[in-house]
Amino acid sequence: MDSNSSKNNAGRLSEPGRVHSRFASLAAAEYGLSSAAAPATHQPEKKIRLVSEAQGGMDRSCHQEVFTVGEGEHLDITFIVLPGTSAEIPVTVDITGPGAEVELKGIYLSSGTDNVTFDITMNHRVGGSISRQLFNGLATDKAKCAFNGKIIVAQDAQKTEAYQENHNIVLSDDATVDTKPQLEIYADDVKCSHGATVGKLNEDEQFYMRSRGIPEDEAKVLQMISFVAPVLAGIEDEDLTAKIENAIRSL
Amino acid sequence: MSLLKITGLRAGIGDKEILKGIDLEIGPGEIHAVMGPNGAGKSTLSAVLTGKPDYEVTAGTIEFMGRNLLEMKPEERAWAGLFMSFQYPIEIPGVSITNFMKTAINSKRKSEGLGPIKGGDFLKLMKEKMALVQMKPEFAKREVNVGFSGGEKKRNEIFQMAMLDPVLAILDETDSGLDVDALKIVADGVNALHTPEKSAIVITHYQKLLEYVKPDKVHILKDGKIVAEGGRELIDKIESDGFEQF
Ligand SMILES: Nc1ncnc2c1ncn2[C@@H]1O[C@H](COP(=O)(O)OP(=O)(O)OP(=O)(O)O)[C@@H](O)[C@H]1O
Ligand SMILES: [Mg+2]
């Protein structure tokens with residue numbers, strides 16, 4: 001285990017309330033760095049997966065989606081779950097070759113009686129590979145969200161790097177979020193870290209913004225946008241960002 | 001007519017009463033210094049004036065430009081021309097100074113029935129006001145107060161004040177933690193915004209700032225009450241004999 005990253009996460013977790021949004025900017029920086037480090041010739045195709053009930057397929061049907069990532073291959077998927085969607089999203093990533101790089105990200109914005117569950121299994125079968133996960137969620141009304149994120153590093157998968165972050169903001173008394181990171185690490189020469197937080201929007205930030213004339217609702221929107229922004233770093237799709245901003249305003 | 005009139009103000013948090021009957025009147029163009037020992041209630045007074053939700057007003061009235069301030073939301077108070085430079089400015093990760101200021105200015109314009117400020121006008125204003133407090137242009141892109149040094153945070157407060165151009169500015173220990181040059185810059189910034197109509201409440205522990213920003217009146221706040229009032233001679237009295245005498 002990389003003791004530094006574990007310690008960092010412990011520090012972030014010990015400060016609920018402020019953590020997520022501050023974390024968000026940290027994560028942005030980390031992600032920026034890591035993608036810059038990837039060789040230009042191997043720029044992964046960034047896939048966006050807009051999860052909606054109408055699409056059928058994996059939503060609510062528990063179809064296990066399995067991605068196999070071989071030697072030198074890159075996978076970059078961002079799941080977007082907009083309000084009004086209930087879905088179970090089981091995803092398994094099998095890393096089968098060295099030099100593989102995986103970015104698995106997600107935003108879930110849940111309201112009403114939405115019920116959203118991510119079941120992620122990141123399976124490092126072979127060493128010398130990297131996986132990064134970042135999932136940020138906002139839950140309001142009576143929404144129920146769950147994030148189950150398992151990282152498995154096989155005994156021979158030395159020099160694996162596996163990172164996972166899941167941050168949540170609960171906006172109402174009745175919404176619930178359950179976050180369960182799970183690490184099964186059988187190799188000894190690895191860098192792994194995970195961090196999970198559940199908190200509220202910071203009220204001191206809100207008062208500061210309001211004291212400058214930003215209305216309360218607008219202040220909250222700014223906070224929520226900055227909270228999900230790191231997940232969207234590197235995605236230049238104005239329609240999508242507009243859609244997400246509208247969804248945030250509707251929460 | 002006075003700009004601000006506080007009468008019999010009592011306020012606190014939960015069961016704890018912090019302000020125990022405050023009377024204070026500020027006229028247009030006046031600068032008032034509020035001094036007092038740690039824990040006297042100076043920041044509480046600022047918080048109550050700007051409408052911080054945690055505080056409960058149990059008695060008294062506050063009139064600002066003829067309006068009942070206590071009925072106004074914090075953002076409405078800002079639109080009416082009230083501004084506080086925070087003793088401990090808040091960090092807002094993920095929100096740039098540019099975005100923050102643009103949203104603030106456009107919110108006020110919207111409240112007045114105006115459309116958003118033109119991009120060019122906004123940039124010009126930013127440039128001008130950043131120069132006023134000698135803030136480097138690259139700060140415009142930085143997240144609000146995140147990773148700022150103590151002095152940079154205070155300068156950022158005065159920059160925001162200059163951008164919003166308030167009628168009454170409350171400076172809560174804006175001078176604390178500033179080096180001599182920064183103190184001069186902040187004081188010049190405050191003086192540059194001071195017109196015959198604009199007033200300020202300067203909360204401070206040090207006479208240095210008050211040499212640059214000259215108060216018309218000095219109030220001593222101790223244990224939630226104003227225990228002495230007068231002119232600048234009070235500042236010297238405190239400097240030599242402390243707050244015990246009151
Ligand atoms: N949230 C709070 N909960 C409990 N007590 C509080 C709270 N905020 C302020 N107080 C108390 O109210 C009193 C006045 O605090 P305040 O911050 O207004 O003092 P101050 O005059 O600004 O002091 P300083 O010069 O140290 O900044 C203090 O005793 C403080 O501990
Ligand atoms: Mg104070």
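Start by selecting helix α4 of chain A, residues 216-232. This helix lies across four strands of chain A: β3, β5, β7 (130-139) and β9 (161-170). Its direction makes about 160 degrees with that of β7(A). Keep in mind throughout that this is a predicted model.

**Stop 1: the six-stranded sheet of chain A**

Now show the strands under α4(A). They belong to an open sheet of six strands, in the order β1-β3-β5-β7-β9-β11 (chain A), and the pairing is parallel. Color the two ends of that order. β1 (46-51) and β11 (191-199) of chain A are the edge strands. Each has a single partner strand, so one side of each lacks a neighbour in the sheet. Look at the twist next: neighbouring strands of this sheet are turned by 10 degrees against each other on average, direction ignored.

Zoom in on one pair. Select β3 (residues 74-81) and β5 (residues 101-110) of chain A. Eight bridges join these two strands, which run parallel. For a landmark, pick A:I77; A:L104 in β5(A) stands opposite.

**Stop 2: strand β4 of chain A**

Select residues 87-95 of chain A, which form strand β4. Show the side chains. Which residues of this strand point to the buried face? They are A:A87, A:I89, A:V91, A:V93 and A:I95. The other face takes A:E88, A:P90, A:T92 and A:D94, which are not buried. As a rule, side chains in a regular strand alternate between the two faces of the sheet.

Now add the partners of β4(A). On one pairing, β2 (residues 65-69) of chain A runs parallel to β4(A) over five bridges. Label A:V66 here: its bridge partner in β4(A) is A:T92. On another pairing, nine bridges join β4(A) to β6 (residues 115-124) of chain A, again in the parallel sense. Label A:E88 and, opposite, A:T117 in β6(A).

**Stop 3: a positive phi in chain A**

Go to A:D141. Where does this residue sit? Look in the loop between β7 and β8 (144-153) of chain A. Check the backbone: phi of A:D141 is near 55 degrees, a positive value in a residue other than glycine. A:D141 has 16 other C-beta atoms within 10 Å, so this residue counts as partly exposed.

**Stop 4: chain B as a whole**

Switch to chain B. Color by confidence: the mean pLDDT is 96, and 100% of the residues of chain B reach 70 or more. Chain B has eight helices and twelve strands. Its C-alpha atoms fill a box of roughly 55 × 40 × 35 Å along the principal axes. For 246 residues, a compact globule would have a radius of gyration near 18 Å; chain B has 18 Å, which agrees. Buried residues make up 43% of the 246. Consider the contacts of chain B with a separation of 6 or more: 69% of them join residues 24 or more positions apart.

**Stop 5: the four-stranded sheet of chain B**

Show β2, β1, β4 and β5 of chain B. In that order they form an open sheet of four strands with antiparallel pairing. Its edge strands are β2 (16-26) and β5 (67-68) of chain B, each pairing on one side only. Add helix α1 (residues 42-50) of chain B, which packs on the sheet and touches β1 (4-13), β2 and β4 of chain B. The direction of α1(B) makes about 70 degrees with that of β2(B).

Move to the β5(B) edge. Strand β4 (residues 56-64) of chain B runs antiparallel to β5(B), joined by two bridges. Pick B:E63 to find one of the partners: B:N68 in β5(B).

**Stop 6: a positive phi in chain B**

Select B:D223, in the loop between β11 (217-222) and β12 (225-230) of chain B. Its phi is near 50 degrees, positive in a residue other than glycine. Buried, exposed or partly exposed? With 14 C-beta neighbours inside 10 Å, B:D223 counts as partly exposed.

**Stop 7: where the chains meet**

Finish by showing both chains together. The predictor gives the complex an ipTM of 0.97 and a pTM of 0.88. The contact takes 20 residues from chain A and 22 residues from chain B. On the chain B side, select α2 (74-80), β7 (92-96), α3 (97-111) and α5 (150-164): each supplies at least two residues that touch chain A. Color this side by class to see 13 nonpolar, five polar and four charged residues.

Key: Residues numbered from 1 in each chain as written. Chains lettered and ligands numbered in written order. Predicted model: local features only at pLDDT ≥ 70, side-chain atom pairs only at ≥ 80, totals over all residues. Contact = placed C-beta atoms within 7 Å. Nonpolar A, V, L, I, M, F, W, Y, C, P; charged D, E, K, R; others polar. pLDDT = per-residue confidence, 0-100. Rg over C-alpha atoms; globule rule 2.2 N^0.38 Å. Buried ≥ 20, exposed ≤ 12 C-beta atoms within 10 Å, placed from the backbone. Pairing = 2+ DSSP bridges. Axes fitted to C-alpha atoms, helices over the stretch in contact; angles between N-to-C directions.
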